[in-house]
Amino acid sequence: MAVAAVTTKPLHEPLQKKPLPAGRPREWYISHNRRLKAMRLAIALLDTGVYYPSSADNDKIRTTAERIGIHPPSDTTCRMVRALIRYGR
């Protein structure tokens with residue numbers, strides 16, 4: 001059985017970031033950024049072959065965050081990453 005090479009390099013140029021809308025409560029910005037971080041981590045884990053939430057413990061998620069160059073996630077963000085892997089299939 002042939003094994004395909006796995007890469008985490010983007011296949012295209014990333015989109016330009018736009019400023020977030022003004023006037024929202026602070027909690028909205030916190031949860032919005034947490035969701036974005038969880039999505040980036042879930043995608044990176046899926047790209048490396050982690051398809052089950054049970055395989056994504058906090059240490060693996062934090063190691064992945066370090067590898068892709070983002071700040072280590074909190075326990076709440078780690079739970080969110082596992083939920084995305086679980087229900088995002």
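These are short exercises on a predicted model, each with a worked solution.

**Exercise 1. The core**

Find the residues of the largest nonpolar core, and say which helix gives the most to it.

*Solution.* Start with the members. The core has 12 residues in all: A38, L41, A42, L45, V50, A56, I61, A65, I70, C78, V81 and I85. Next, look at the helices. At least two residues each come from α1, α2 (58-68) and α3 (75-87). Finally, pick the main contributor. Helix α1 gives the most, with 4 residues.

**Exercise 2. The surface patch**

Name the residues of the nonpolar patch on the surface, and find the helix that supplies its largest share.

*Solution.* The patch consists of L36, M39, I43 and L84. Together they have about 320 Å² of accessible area. Now turn to the helix. Helix α1 (residues 26-47) supplies the largest share, 3 residues.

**Exercise 3. One residue, M39**

Is M39 buried, partly exposed or exposed?

*Solution.* Locate M39 first: it lies in helix α1. Then take its relative accessibility, 39%. Buried means under 20%, and exposed means over 50%. M39 therefore counts as partly exposed.

**Exercise 4. Around W28**

Classify the aromatic pair of W28 and Y29, then describe where the charged end of R24 sits.

*Solution.* The structure holds 1 aromatic pair. The ring centres of W28 and Y29 are 5.1 Å apart, and the planes stand at 90 degrees. Angles over 60 degrees count as edge-to-face. So the W28 and Y29 pair is edge-to-face. Now add the charge. R24 places its charged end over the ring of W28, 4.4 Å from the ring centre. Last, check exposure. W28 has 24% relative accessibility, so W28 counts as partly exposed.

Definitions and conventions: Residues numbered from 1 in each chain as written. Predicted model: local features only at pLDDT ≥ 70, side-chain atom pairs only at ≥ 80, totals over all residues. Heavy atoms only, no water. Patch = residues over 30% accessible without salt bridge, like charges linked within 9 Å, V, L, I, M, F, W, Y side chains within 5 Å. Areas by Shrake-Rupley, 256 points an atom, 1.4 Å probe, with all protein chains shown as cover. Salt bridge = Lys/Arg side-chain N within 4 Å of Asp/Glu carboxyl O. Buried < 20%, exposed > 50% of the residue type's maximum accessible area, 1.4 Å probe, protein only. Phe/Tyr/Trp six-rings, centres within 6.5 Å; stacked < 30°, edge-to-face > 60°. Lys NZ or Arg CZ within 6 Å of the ring centre and 35° of its normal. Core = buried A, V, L, I, M, F, W, Y, C linked by side-chain atoms within 4.5 Å.
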